[in-house]
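Got your viewer open? Here is a short tour that tells you what to select next and what is there.

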Amino acid sequence: MTAPVAVSACPLSTDERTMPPPSPDTLAYSFTLPAGPTGPHVARSAARVVLQAHGLADVTDAVVQVVGELAACACRFTPGSEMYLSLRYRDGELRVVVHEGHARHSHPRLAAACDARRRAALRVLACVVRACEGDWGFGEAHEPGGGTRMWAVLPRRGARVYAGAGWA
């Protein structure tokens, strides 16, 4: 009689060296959230935790404000749907991207009116990004399913100044 053999189709890593510790350079997260009343709160809370874990507490005020503004705008344009939030840190900049399902209008006047409405909804975002010496925008999402992609890029240096100025 032979002894039973343990078989595992999913090997588990016990080597902690395979994953680098959280640092700014390892910050890369994506979330799908409901585009409803709790969506912006959850997005801000998740961003705050992620930034703290990756040693970016010095930019939390600016980034959380930006995340909240983008998430709230997504909820206004696609209530009852979903939004996708991405947070990445690269080359000294924090990149925030939100995708939502509101498709671009084919009629030029409707598209212009919708863009103006979105710009108005993002006026606080524009002020925060300008104070951080960053950049922001929105446009048609080229991912499957279409919709709109909104984004902001905050240089770490500028986001630190924003937090120190007491504007957040």
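**Where two helices cross**

Start with α2 and α3, which pass each other in a right-handed crossing. Keep in mind that this is a predicted model. To find the pair, select residues 60-77 for helix α2 and residues 108-121 for helix α3. Their axes come within 10 Å and cross at roughly 140 degrees.

Now show the side chains where the two helices touch. On α2, pick E69, C73, R76 and F77; on α3, pick C114, R117, R118 and A121. Color them by class and you'll get 4 nonpolar and 4 charged residues, with no polar ones.

**Zoom out for a moment**

Show the whole protein chain as a cartoon. You should find 5 helices and 5 strands. Follow the chain from the N terminus and the elements go β-α-α-β-β-α-α-β-β-α.

Switch on a surface if you like: the accessible surface of the chain is about 9,800 Å², and carbon and sulfur atoms account for 57% of that. Of the 168 residues in the chain, 39% are buried. As for contacts between residues at least 6 apart in sequence, 65% of them link residues at least 24 apart.

**A residue on the inside**

Next, select L27, in the segment before β1 (28-34). Is L27 buried or exposed? L27 is buried, with a relative accessibility of 0%.

What does L27 touch, leaving out residues up to four places away in sequence? Light up V50, L51, H54 and L56, then L87, R88, Y89, R90 and L94, and you have its contacts. Try a distance label on one of those pairs: the C-alpha atoms of L27 and L94 are 9.0 Å apart, although 67 residues separate the two along the chain.

**Two loop stops**

Go to D91, in the loop between β2 (82-90) and β3 (93-100). Check its backbone: phi of D91 is near 50 degrees, a positive value in a residue that isn't glycine. D91 is also exposed, at a relative accessible area of 72%.

For the last stop, select E133 in the loop between α4 (123-131) and β4 (135-140). Here too phi is positive in a residue other than glycine, with E133 near 60 degrees. Why does E133 count as exposed? Its relative accessibility is 55%, and the cut-off for exposed is over 50%.

How values were computed. Residues numbered from 1 in each chain as written. Predicted model: local features only at pLDDT ≥ 70, side-chain atom pairs only at ≥ 80, totals over all residues. Heavy atoms only, no water. Helix = DSSP H or I, 4+ residues; strand = E, 2+ residues; numbered from the N terminus. Buried < 20%, exposed > 50% of the residue type's maximum accessible area, 1.4 Å probe, protein only. Contact = heavy atoms within 4.5 Å. Areas by Shrake-Rupley, 256 points an atom, 1.4 Å probe, with all protein chains shown as cover. Axes fitted to C-alpha atoms, helices over the stretch in contact; angles between N-to-C directions. Left-handed = near helix turned anticlockwise from the far one by under 90°. Nonpolar A, V, L, I, M, F, W, Y, C, P; charged D, E, K, R; others polar.
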